[in-house]
Amino acid sequence: ILSHNERELFIKKILVNNINLIAYKELDKPIHAAAKIRYRQNEAKAIITQVDQDNLLIEFDEAQRAPAIGQAAVIYDLQDSSLVIGGGTIYKILKN
């Protein structure tokens, strides 16, 4: 992704669909968790909200560089990063 303004690449909110929740049947309220949008990236703290049956809103505490539509987003437990809560596919980038 190219940008004249590097700051435009940093995003705090993404929408994820095709979700697969492993640790929960559904999220009836927002949860604090960690999320990754790249394999080699460290987990980043975020608030995860289930918008509807197949969509999650991920709001990162700190903006993440260049999330892209089609990338996987994986959600982990904050206390135990080996515990996968679920994940899905990024389908929309919400500008800050």
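The protein carries 12 positive and 12 negative charges, and the mean positions of the two sets are 6 Å apart. The model behind these values is a predicted one. The accessible surface comes to about 6300 Å², and carbon and sulfur atoms account for 49% of that surface.

The secondary structure is simple to list. There are six strands and zero helices, so along the sequence the pattern reads β-β-β-β-β-β, and with a radius of gyration of 13 Å against the 12 Å that the globule rule gives for 96 residues, the protein is as compact as a globular protein of that length. Along the principal axes, the C-alpha atoms fill a box of roughly 40 × 25 × 20 Å. Of the 96 residues, 39% are buried. Contacts between residues at least 6 apart in sequence can be sorted by separation: 61% of them join residues at least 24 apart.

Three residues serve to lead through the chain. The earliest strand to visit is strand 1, residues 10-21, where K13 is found. K13 has a relative accessible area of 36%; because this value lies between the 20% and 50% cut-offs, K13 counts as partly exposed. In sequence K13 is 36 residues from T49, while their C-alpha atoms are 11 Å apart in space.

After strand 1 comes a loop that leads to strand 2 (31-36), and P30 lies in this loop. P30 is also partly exposed, with a relative accessible area of 48%. Leaving aside neighbours within four places in sequence, P30 is in contact with I47, I48 and T49. T49 is thus a contact of P30 and also the residue whose C-alpha lies 11 Å from that of K13. A further pairing is that of P30 with I58: they are 28 residues apart in sequence, and the C-alpha to C-alpha distance is 9.7 Å.

The remaining residue is Q71, located in the loop between strand 4 (55-65) and strand 5 (72-76). A polar atom of the Q71 side chain lies 2.7 Å from the backbone nitrogen of A68. This distance falls within the 3.5 Å limit used for a polar contact. When neighbours within four places in sequence are set aside, the contacts of Q71 are I37, R38, A66, G88, T89 and I90. The Q71 side chain therefore has a polar partner in the backbone of A68, while Q71 as a residue also touches positions on either side of it in the sequence, including I37 and I90.

Note on methods. Residues are numbered from 1 along each chain as its sequence is written. This is a predicted model: local features need pLDDT of at least 70, side-chain atom pairs count only at pLDDT 80 or more; totals for chains, interfaces and linings use all residues. Side-chain values use heavy atoms; hydrogens and water are left out. Helices (H or I, at least four residues) and strands (E, at least two) are DSSP runs, numbered from the N terminus. A polar contact is a pair of N or O atoms within 3.5 Å; within protein, one must be able to donate a hydrogen and the other to accept it, and residues adjacent in sequence count only if both atoms are side-chain atoms. Contact means heavy atoms within 4.5 Å. The radius of gyration is taken over C-alpha atoms; the globule rule is 2.2 Å times the number of residues to the power 0.38. Buried means under 20% relative accessible area, exposed over 50%, partly exposed in between (1.4 Å probe, protein chains only). Accessible areas come from the Shrake-Rupley method with a 1.4 Å probe; for residues, only the protein chains shown count as cover. Lys and Arg count as positive and Asp and Glu as negative; His and the chain ends are not counted. The place of a charge is taken as NZ of Lys, CZ of Arg, CG of Asp or CD of Glu.
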